[in-house]
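User: I should like to understand how the terms used for a protein structure follow from their definitions. Please take me through some examples.

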Amino acid sequence: MEGGWLVLAAVLAAAYAQNNRNDGPRFLSRGHSFRTVVGDTLLLPCQVQNLGSLVLLWRRGPAVLTAASLMVTRDERFRLVDGYNLQITDVGPQDAGDYVCQISDRVARDQVHTVEVLVPPSVRASPESRHAAARRGGAAVLECRASGNPVPSVTWHKINDSNTRLAEGPQLQLSRLERQHSGRYACTVDNGVGPPLLAEFQLQVLYPPEITVERSWVHTGEGFRAELLCTVLADPPAEVLWYQNSFPLSASERVTMSVRGNNHTLLIANVQPEDFGNYTCVADNSLGRARQHVEVSGRPGPARFTSPPLARSPAAYTLSFAVDSYPPLDELRLLYRQLAINDSFQQPGRWHDVVIPAPEPAGRLTHRVSHELKGLEPGTMYEAIVQAKNRYGWNEVSDIFQFHTLGGEHSAHADELTPMFAAAARARLTCVLGVVVFALAR
């Protein structure tokens, strides 16, 4: 009985071996899609059972890479590893595609691997110099042509303002350029493979000079100093010259000229009578010329009112103001008038002209003056202007100052004084003051 079992086992084993021989070769591995990065090493599996005397080929398109263990391709980056697995080192973009592991029999059985090569982004900038120049009011185009796999995205921003995205895509188009558009711009190129790339550009907006002056009227006195400052913006950079009464100035022992950035300073030491007058800051570049005027004067500065707008009594008000003057003041004139105002119109009264005695010389720049006005109407609004004179002449008329006497519905609301003037009413008041000032000047 035991012998019968042994015979049966031997028959089954022989039958199994015969079946394996009749099945022929078959793949143990499966086809895959591979994603790899440029420069990496890639292994494509190909494991076959029962190959026998048949030949295993690796093909890529019509080209045969290997036959059995023979390397057909001359590309040394390809080799067989652990049998028939195909290894590719230093993968490049050209290696993307289908790779076929094929058994050379009549059935032509094969296994296909698809390779996608991921390429980090690269960028081609235009202009190549990465510097662009255009005139104010014109246009400029900056370009970043990106390549890579996957296709990279391109975003634009201005350096130092990276939180503001200006555009997306290969081009940044800037139109109606102003000088504020000058600066550094950058495109960021990214496709998720490797670090993003940053390409920087310098945009230069060309424009004629623009000048601003710190003060158009500079107050000084004999023996003191005067400092004139003008700020010049221009591209290309401007040549800056100073003139006095239309005559060009040059440096001397008392006159110095300095430049710090965009600021051009004219400093006059130990001022003499001939230094008073009109000065001009003139800036030139290839696109144009600009000029600004500054008056250097010994006349007093405009009066600054220091008294509160609300009187302490119904019929009187103490008006206080300060005037800057290096020489002693010779004369002060005050004009004031009553205003009858409602929500829609104002009816001013006549001007009262008061000559205020000049204060005693105090030996300092600022002269402080107070003058009491009497006989005023209770609960009434008034307005005043002041002018001062020293040996160099009258100063500019002060700004309009408004005050209110006690009594009436506005006596406790001094903050309402200014809003009570409409724009049209203020324009009419300015015209009237022009006539009064002309009379004073005479």
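Analyst: The torsion about the S-S bond of Cys-46 and Cys-101 is about -60 degrees, so this disulfide is left-handed. The structure is a predicted model, in which local features need pLDDT of at least 70 and side-chain atom pairs count only at pLDDT 80 or more, while totals for chains, interfaces and linings use all residues. Residues are numbered from 1 along each chain as its sequence is written, and side-chain values use heavy atoms, with hydrogens and water left out.

User: Why is the link of Cys-46 and Cys-101 called a disulfide?

Analyst: A disulfide is defined as a pair of cysteine sulfur atoms within 2.5 Å. The sulfur atoms of Cys-46 and Cys-101 are 1.7 Å apart, and therefore the pair meets the rule. By this rule the count comes to three disulfides.

User: What makes Cys-144 count as buried?

Analyst: Buried means under 20% relative accessible area, exposed means over 50%, and partly exposed lies in between (1.4 Å probe, protein chains only). Cys-144 has 0% relative accessibility, so Cys-144 is buried. Its disulfide partner is Cys-187, which is also buried, with a relative accessible area of 0%.

User: Why is Val-72 called partly exposed?

Analyst: The relative accessible area of Val-72 is 40%, which falls between the two limits, so Val-72 is partly exposed.

User: How do you know that Cys-281 is buried?

Analyst: Cys-281 has 1% relative accessibility, which is under 20%, and therefore counts as buried. A disulfide joins Cys-230 to Cys-281, with an S to S distance of 2.1 Å.
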